[in-house]
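Me: I am new to this structure and would like a close look at one chain of it, taken slowly. Please finish by setting a part of another chain beside it.

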Amino acid sequence: MVMEPMEQRVWTRYDRRERWVRLAIMLLVAAIMVWAVRDVDIYWPWVWDAPVQIHGLLERMWPPDLRQANDILTALVETVHIATLATALTIFAALPVSYIAAQNTTPNKACLWLGRFILVASRSVNTIIWALLFVAIFGPGVLAGILAIMFRSIGFVGKLMGEAIEEIDRKPVEAMEATGAGRAKVILYAVVPQVMPAFFAIIILRWDINIRESTVLGLVGAGGIGVILQGAIDTFAWPTVATILCAIILLVLIGEAITSLLRRKVL
Amino acid sequence: MLEISQLVKRYGHDEPVLKGLDLSVEGNSVVSIVGASGAGKSTLLRCINRLIEPTSGSIKLNGTELSTLKGQALRNARRRIGMVFQGFNLIDRLTVMENVLAGRLGYVTFLQAWRRRFPQEDIERAFQLMERVGIAQYANKRADELSGGERQRVGVVRALMQEPDILLADEPTASLDPVTSEQIMKLMRSLASELSLPVLINIHNVAQARAYTERIVGLRHGRLIFDGPPERFDKAALDQVYGGIEAPDESMAPTPAEENV
Amino acid sequence: MSSTPHRWRRQPFIANPWLRWTLIAGVLTYLGWALATLPFDWQRIGEGLPRAVRIFGGGLPPDFDRYQLLLDGFKESFQIALLATLLGVLLSIPFAVMAARNIVPRPVYLVGRAIIIVARSFHPVIVAILFVKAVGFGPLAGILTLTLYSIGFVGKLLAEEIEEIDWGQVEAMRAVGAGYLSTLLYAVFPQILPRQIGLSMYQLDSNLRASAVVGIVGAGGIGSTLMNAFGRYDYDFAFAILLVIIAVILVSEGVSGWVRKRVW
């Protein structure tokens, strides 16, 4: 191959087609952003005023008010209870769903689609929307909170467990079938031991997430620390709000520490 | 006694993998099935215990027609057919003892299986067999902590726990090093005569087939083209079975010296 | 072979019997404690069934007559999610650099980490409620909330990515005499860019989900529409909104998954 003369060679990062595609994507993104900025229902003077307002709010919060520490502690414990009980209940509901939603264990097509529908419905509705629904049904309180967390977790745990089941090694299954074991016993010996580690990891992960989620349930009346947070905000008791926020950070950090400890111990 | 006649297996509309196979195995003979990859060895074994559904033909074990069984009857038939696998197919996260007892799954109830409360005579038998093959000291170890040869011994014991009428072995030594695979072959041969059990072994290693079995069956393209004692499995027969396809492992290596295990 | 009778029991899941029984007792005590102290209002819960019937009766079939309201709500949610993703992804870069142990001095690292931890600790709904109080009802509060949320999430993953970069490239840039910023630009950013694009798509998807809920506390978007419908016992409209939310989330998940597969 003959090289072009030195002065005719140019260097560019991308070839022509790549450059056009990149340019088009960038223009499209820019156009969408411009549209979003111009169309969104924002009163711009408020935007320029926002730093002042946020600063003012933070100032009103200082110093945190510790007088309600006892109530806050009780509410924190309630929050943990909601998350833990809901996670425990989730196990019982999610395992059968993951069983029928995994392609290699599902009894038939109808069950497969039923399982997938349950997982999608559960995952698409946010915890707080589930809470809204259950508060409307069972009234404000922890039961609504537990059910809300549980209904959202079923999709999460069920989906990941279903994937774990689909990824198992088929060989032990074959061996168990060859011994003349029935379906239930094959599952018990060849599937369950293989998905155990995934199961623990998923449950621990979800418990951590549920601790965070249960801090907001109270904002729609479904129990936990959110109830007193809402109360403090409604009465403009900003120093108390600051204390509650610190308590939430502490709770989340403790939850994270516990989960990483569990992960190291159990797995 | 195992009698296979006119066995055909085809996947979809492809060319059949097995094309009208006839084979009978009597008494406690050790039969090896040789043939190139894709000749249908694995399919043949799996048709016998119906891990693969045969397309047509008949398979009779001690007078029972296996190819039409369903549900509980099929499972009851499988209990009497032990199988040893190339990849051992152990449950890695369970202990050796649990793996061995899994061979009894066809006989115990779900509750017993779940609580691991197997009948005392099963446990006795498990210990006897494990001592026989030299893995009793590992009973409470996890299966994935064992070496390849030890793992295959677990696989053999699991199959024998079924109190089988026949033992199927699908390339039982292909994942093992040469020394270990000789040990496993010897073990299977002596167990077969101790328990007076017919054994069907798929094997790629012709030297081992000649050394450890009493009868060699050669498959090619889903047809049986050789059936006779090892002495008759000469260079011509070998070429017929493997010719133009691939060189078998250590095809004409000298026969290993006889030893007792 | 030996003829003595053998015993065999399954190895317990936890070998140490003390630990095992302590754990079992602990779990039972915890369950008893939790169930005993949680304030369940059984009388109110007992009314649940007829209420559920009424809600679902009122909600079915969903009512799409006010689709204009629904469309407006979704348009606003999209705008919130888009702007928050843009701001969040851009702002997450400096914070991620600050929070990467290997390329900044230790005090800066600690500050960066602390910011990201705080941003991640709060559920967006809590942040939204505070922003609503600070800057008033409407999409502005939503955008600020989700920007913070994105900084926390993208910043954390990006910082971890930076900590795992191939250090040889950085050394090479230093060896040719590049300054701190040009080293960042040439040796660090190219290594994390593909990941950053994937993360942006993921974040857009999760901001869209979150924008549906921050509205419940007044931060604009479809969540506000939903909350209004619920508050007015307009269950048929609320169910219509819920169905559309589910559909939009499914589509957005699919699109984001497709794009990430193409880019990664």
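Reply: Helices here are DSSP runs of H or I with at least four residues, strands are DSSP runs of E with at least two, and both are numbered from the N terminus. What you see is a predicted model, and the chain I have chosen for the close look is chain A.

Read along the sequence, chain A goes α-α-α-α-α-α-α-α-α-α, that is, 10 helices and zero strands. Along its principal axes, the C-alpha trace of this chain spans about 75 × 70 × 35 Å. The radius of gyration of chain A is 26 Å, whereas a compact globule of 267 residues would have one near 18 Å. Of those 267 residues, 46% count as buried. If one takes the contacts in chain A between residues at least 6 apart in sequence, 71% of them join residues at least 24 apart.

One helix deserves a careful look, and that is H10 of chain A, residues 238-266. H10(A) has 29 residues, which at 1.5 Å a residue should span 42 Å, and the distance of 41 Å between its end C-alpha atoms agrees with this. Among the residues of H10(A) that are buried are A:Trp238, A:Ile244, A:Leu245, A:Ile248, A:Leu251 and A:Gly255. What lies over the buried residues of H10(A) includes H2, H3, H8 and helix H9 (225-234) of chain A, together with helix H5 (106-121) of chain C.

That last helix leads to the contact between chain A and chain C, to which chain A gives 43 residues and chain C gives 42 residues. On the side of chain A that touches chain C, at least two residues each come from several helices, including helix H1 (16-39), helix H3 (69-101), helix H8 (183-214) and H10 itself. Sorted by class, this side of chain A holds 30 nonpolar, eight polar and five charged residues.

A single residue can show what the surroundings are like elsewhere in the chain. A:Phe134 sits in helix H5 of chain A, and it counts as buried because it has 27 C-beta neighbours inside 10 Å, where 20 or more are enough for that label. Once neighbours within four places in sequence are left aside, the residues in contact with A:Phe134 are A:Ala144, A:Leu147, A:Ala148 and A:Ala222. Between A:Phe134 and A:Ile32, by contrast, there are 102 residues in sequence and 37 Å in space, from C-alpha to C-alpha.

The backbone of chain A also has a point that invites a pause. Most residues other than glycine have a negative phi, and most peptide bonds are trans. The peptide bond between A:Trp62 and A:Pro63, however, is cis, with omega about -5°, and A:Pro63 belongs to the loop between H2 and H3 of chain A.

To set another chain beside this one, consider the sheet of chain B, an open sheet of six strands with mixed pairing, in the order S6-S7-S8-S3-S9-S10. At its edges stand strand S6 (81-84) and strand S10 (223-228) of chain B, each of which pairs on one side only. On average, and with direction ignored, neighbouring strands of this sheet are turned by 20° against each other. Helix H6 (residues 148-161) of chain B packs on the sheet, where it touches S6 and strand S7 (166-170) of chain B, and its direction makes about 175° with that of S6(B). Helix H9 (residues 235-242) of chain B packs on the sheet as well, touching S3, S9 and S10 of chain B, with its direction at about 160° to that of S10(B).

Within the sheet, S7(B) is largely enclosed by the rest of the structure, because five of its five residues are buried. Burial holds for both faces of S7(B), with B:Ile166, B:Leu168 and B:Asp170 on one side and B:Leu167 and B:Ala169 on the other. Four bridges in the parallel sense pair S7(B) with S6(B), and B:Leu167 is the bridge partner of B:Gly82 there. S7(B) is also paired in the parallel sense, over four bridges, with strand S8 (residues 199-202) of chain B, where the bridge partner of B:Ala169 is B:Ile201.

Definitions and conventions: Residues numbered from 1 in each chain as written. Chains lettered and ligands numbered in written order. Predicted model: local features only at pLDDT ≥ 70, side-chain atom pairs only at ≥ 80, totals over all residues. Pairing = 2+ DSSP bridges. Axes fitted to C-alpha atoms, helices over the stretch in contact; angles between N-to-C directions. Contact = placed C-beta atoms within 7 Å. Nonpolar A, V, L, I, M, F, W, Y, C, P; charged D, E, K, R; others polar. Buried ≥ 20, exposed ≤ 12 C-beta atoms within 10 Å, placed from the backbone. Expected span 1.5 Å × (residues − 1). Rg over C-alpha atoms; globule rule 2.2 N^0.38 Å.
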